[in-house]
Amino acid sequence: FFTLPFILLLFLQGSEDDTATISIIELFFHIVNFILAVAIFREYLTDTFDDLRYDWKRLLKTASVCSALILLLALVLFLLFAFSRSTLWLTAHGTLPLTEVELFLLPGNLVKIRPVIGTFCMVFLAPLTIGCLYYAAIFAPVCYKHPILAYFVMASFLAFPRLCNAATYWDPAEQWTLYFTQLPGHLIACRAYQKTDSIWASVLTLALVNLFSCFLVLFT
């Protein structure tokens, strides 16, 4: 998860201006993350799937509230930077859809270039990848005994890939802007998990957020 971006960067050499190639590499990264996340957490997802199967109404209710809150915060950020054409505005504009981490394209740009598979990736793959690699692996174990501390641990862990990117090839200002604009969304999704005691509430939250975001990207 942390080394693959640098390997893909090598494959990108000579194609930095080829959006078709960049989009394929970006999709490959997200698909690989999804496959590995599901493989690692296969038993966990199977054991908890009954939550989604038998208690989907309660999970969907919580997810709807949390996703609405994330979208509202994203709207506030957009309005705050609406009159600025700086890097901050361009990056904050790409806050949604939420993915585990971006490499060479903001998620919205990926959806524009590859509408069908890009939307599928954002709505179905990315939420489950994030749920496994972030919330199930990092937030949930800490939250079990230290609920408040879990949010700080989650925030620290989310900063690590940004730090790696900012210290190497990627633009530090862009990386940290993405971190701070996306952090509230991740923490709200964590709250969905804490409230329902189910990772599927977080997955549904991000799926709803990304579905609405992709709709806006494609039709506005």
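**A walk through an all-helix model**

Phe78 is found in helix α4, the element that covers residues 56-80, and it makes a convenient place to enter this structure, which is a predicted model. With a relative accessible area of 32%, Phe78 is partly exposed, a value that lies in between the limits of under 20% for buried and over 50% for exposed. Phe78 belongs to a nonpolar patch on the surface, which it forms together with Leu69, Leu72, Leu73, Leu75, Val76, Leu79 and Leu80. Taken together, the residues of this patch have about 710 Å² of accessible area. Membership in such a patch requires over 30% relative accessible area, and the 32% of Phe78 satisfies that condition.

From this patch the view can be widened to the chain as a whole. The secondary structure of the protein chain comes to ten helices and zero strands, so that, read from the N terminus on, its elements run α-α-α-α-α-α-α-α-α-α. The radius of gyration of the protein chain is 17 Å, close to the 17 Å that the globule rule gives for 220 residues, and the chain is therefore as compact as a globular protein of that length. Along its principal axes, the C-alpha trace spans about 50 × 40 × 35 Å. The accessible surface of the protein chain comes to about 11,200 Å², and 71% of this belongs to carbon and sulfur atoms. Of the 220 residues, 49% count as buried. Among the contacts in the chain with a separation of 6 or more, 76% are accounted for by residues 24 or more positions apart.

What lies in the interior can be followed through the nonpolar core. The largest nonpolar core has 61 residues, and those with the most contacts inside it are Leu8, Phe104, Tyr134, Tyr135, Phe139, Met154 and Trp200. The elements that give two or more residues to this core are α1 (4-12), α2, α4, α6, α7 (115-143), α8, α9 (172-196) and α10. The largest share, 15 residues, comes from α7. Leu8, one of the residues with the most contacts inside the core, is in contact with Ile25, Phe28, Phe29, Leu103 and Phe104 when its neighbours within four places in sequence are left aside; Phe104, in turn, is itself named among the residues with the most contacts inside the core.

Helix α2, which covers residues 19-40, offers a second path through the model. Thr19 has its place in this helix and, at 46% relative accessibility, counts as partly exposed. The C-alpha atoms of Thr19 and Asn109 are separated by 9.7 Å, although these residues are 90 residues apart along the chain. Leu27 also lies in helix α2, but at 6% relative accessibility Leu27 counts as buried. Not counting residues up to four places away in sequence, Leu27 touches Leu110, Arg114, Ile117, Gly118 and Cys121. Leu27 and Ala137, by contrast, are 23 Å apart in space, C-alpha to C-alpha, with their positions 110 residues apart in sequence.

Another buried position is found in helix α10 (residues 199-219), where Ser213 is located. Ser213 has a relative accessible area of 5%, and because buried means under 20%, it falls in that class. Leaving aside its neighbours within four places in sequence, Ser213 is in contact with Leu71, Leu96 and Pro97.

The charged side chains complete the picture. How many salt bridges does the model contain? The count comes to two. In one of them, the side chains of Arg162 and Glu102 meet at 2.8 Å, N to O. Arg162 lies in helix α8 (residues 147-166) and Glu102 in the loop between α5 (87-92) and α6 (107-113), so the pair ties together parts that are 60 residues apart in sequence. Arg162 counts as buried at 3% relative accessibility, and Glu102 likewise counts as buried at 3%. The side chains of Asp55 and Arg58 also meet in a salt bridge, at 2.5 Å from N to O. Here Asp55 counts as partly exposed at 26% relative accessibility, and Arg58 is partly exposed as well, with a relative accessible area of 38%.

Key: Residues numbered from 1 in each chain as written. Predicted model: local features only at pLDDT ≥ 70, side-chain atom pairs only at ≥ 80, totals over all residues. Heavy atoms only, no water. Patch = residues over 30% accessible without salt bridge, like charges linked within 9 Å, V, L, I, M, F, W, Y side chains within 5 Å. Areas by Shrake-Rupley, 256 points an atom, 1.4 Å probe, with all protein chains shown as cover. Salt bridge = Lys/Arg side-chain N within 4 Å of Asp/Glu carboxyl O. Helix = DSSP H or I, 4+ residues; strand = E, 2+ residues; numbered from the N terminus. Buried < 20%, exposed > 50% of the residue type's maximum accessible area, 1.4 Å probe, protein only. Contact = heavy atoms within 4.5 Å. Rg over C-alpha atoms; globule rule 2.2 N^0.38 Å. Core = buried A, V, L, I, M, F, W, Y, C linked by side-chain atoms within 4.5 Å.
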